[in-house]
Amino acid sequence: MSKVPAAENTLRVLAYLGAQRGPAPAAAIAAALGLPRSTVYHLLAVLSEHGFVLHFPEARRYGLGVAAYELSSAFSRQQPLSRLGRPIVAALVDAIGESGHVAVLHGRDVVYIVEERAPRRPRLVTDVGVRLPAHLTASGRALLATLPREQLRALYPDSDAFEDRTGAGPHSYAELRRVVAEARERGYATEDGDVTPGFASVAVSVRDHAGWPAAGIAVTFPRENVPEEGWDALAARVREAAAELSRRIRGT
């Protein structure tokens, strides 16, 4: 049992609201968290007063407020993912001798926030700040594979959504569905020449405390360096790095 139950319950309410797709009734919050309704109403009142929760009286529901958004913005400004991810990826690169990176999903793109180049390996297009189409990259595919079908479809409503770089990669929603289904079943995503001819990548998604994809960790290598039968072993190392970053994000 927590020594500060009010603080713990407040955080549980915020975490619950943050995991929902829209505002929720107080009764649903109470039922999901196993708390008395009176306690939930008191907590919601305090959170509303301080701007962390918004009350929608007509709908009788509660959602996250501006203060919660400001915390999220502060989280982004402090770049915790890159700070936490950089030493993990550096250790991964030292262990396998191939270049690694961390990327986050932004719409239909991934944005690279960590890039660690292995010694005597060529420079890649995945520098920090670079955006690439998510459906073409291993990191993007790993992240897309974690999304609900409805969200994936909303991101790729028609063929115009599929940017082409090398002629490779999915060009339709049906093809993308097959690619992400394979990644989901395999436990990691791949790309082979879809971004840069002659280079391949394997990637694993990193989950946050609510189980949502926070980032993708990938390693990229010259195709001739790692035969395809060795990709499983390489992905296992990436999976360990992703699990460690996920653990650090959750603070466990």
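Which residue follows helix 9, and is its phi positive or negative? Helix 9 is followed by Gly251, and the phi there is positive, near 75 degrees. This is a predicted model, so local features were kept at pLDDT of at least 70 and side-chain atom pairs at pLDDT 80 or more, while totals for chains, interfaces and linings use all residues. Residues are numbered from 1 along each chain as its sequence is written, and side-chain values rest on heavy atoms, with hydrogens and water left out.

To set the scene, the protein chain holds nine helices and eight strands; these are DSSP runs numbered from the N terminus (helices H or I, at least four residues; strands E, at least two). The C-alpha trace spans about 65 × 40 × 30 Å along its principal axes. Of the 252 residues, 42% are buried, where buried means under 20% relative accessible area, exposed means over 50% and partly exposed lies in between (1.4 Å probe, protein chains only). Take the contacts (heavy atoms within 4.5 Å) between residues at least 6 apart in sequence: 55% of them join residues at least 24 apart.

Next comes the sheet. Six strands make an open sheet in the order 5-4-3-8-7-6, with antiparallel pairing; two strands pair if DSSP finds at least two bridges between them. Strand 5 (131-133) and strand 6 (189-192) sit at the edges with a single partner strand each, so one side of each has no neighbour in the sheet. On average, and ignoring direction, neighbouring strands of this sheet are turned by 30 degrees against each other. At one edge, strand 4 (residues 109-116) pairs with strand 5 over three bridges in the antiparallel sense, and Asp109 stands opposite Pro133 of strand 5. Helix 5 (residues 80-96) lies across strand 3 (99-106), strand 4 and strand 8 (213-222), at about 60 degrees to strand 4. Such axes are lines fitted to C-alpha atoms, for helices over the stretch in contact, and the angles run from 0 to 180 degrees between N-to-C directions.

At the other edge, strand 6 and strand 7 (residues 199-207) pair in the antiparallel sense over four bridges, with Glu191 opposite Ser201 of strand 7. The two strands form a hairpin with six residues between them, and Gly193 in the turn takes a positive phi of about 80 degrees. Gly193 counts as buried because its relative accessibility is 14%. Neighbours within four places in sequence aside, Gly193 is in contact with Thr166, Ala168 and Phe199. From Gly193 to Ile249 the separation is 56 residues in sequence and 31 Å in space, C-alpha to C-alpha.

A second hairpin is built from strand 1 (residues 53-56) and strand 2 (residues 61-64), which pair in the antiparallel sense over four bridges. Phe56 faces Arg61 of strand 2. Four residues lie between the strands of this hairpin, and Arg60 takes a positive phi near 55 degrees.

Now for helix 8 and helix 9. At 1.5 Å a residue, the 14 residues of helix 8 (residues 173-186) should span 20 Å, and the end C-alpha atoms are indeed 20 Å apart; the expected span is 1.5 Å times one less than the number of residues. Tyr173, Leu176, Val180 and Ala183 are the buried residues of helix 8. They cover an arc of only 85 degrees around the axis, which puts them on the same side of helix 8; the arc is that of the directions from the helix axis to the C-beta atoms. An α-helix has 3.6 residues a turn, so residues three or four places apart point the same way. The buried residues of helix 8 pack against helix 6 (138-144), helix 7 (149-155) and strand 6, while the face turned away from them carries the exposed Arg178 and Glu185. Just after helix 8, Gly187 has a positive phi of about 95 degrees.

Helix 9 (residues 231-250) should span 28 Å with its 20 residues at 1.5 Å each, which agrees with end C-alpha atoms 28 Å apart. Its buried residues include Trp231, Leu234, Val238 and Leu245. Helix 5, strand 6, strand 7 and strand 8 are among the elements that cover the buried residues of helix 9, and Ala233 and Glu240 are exposed on the other side.
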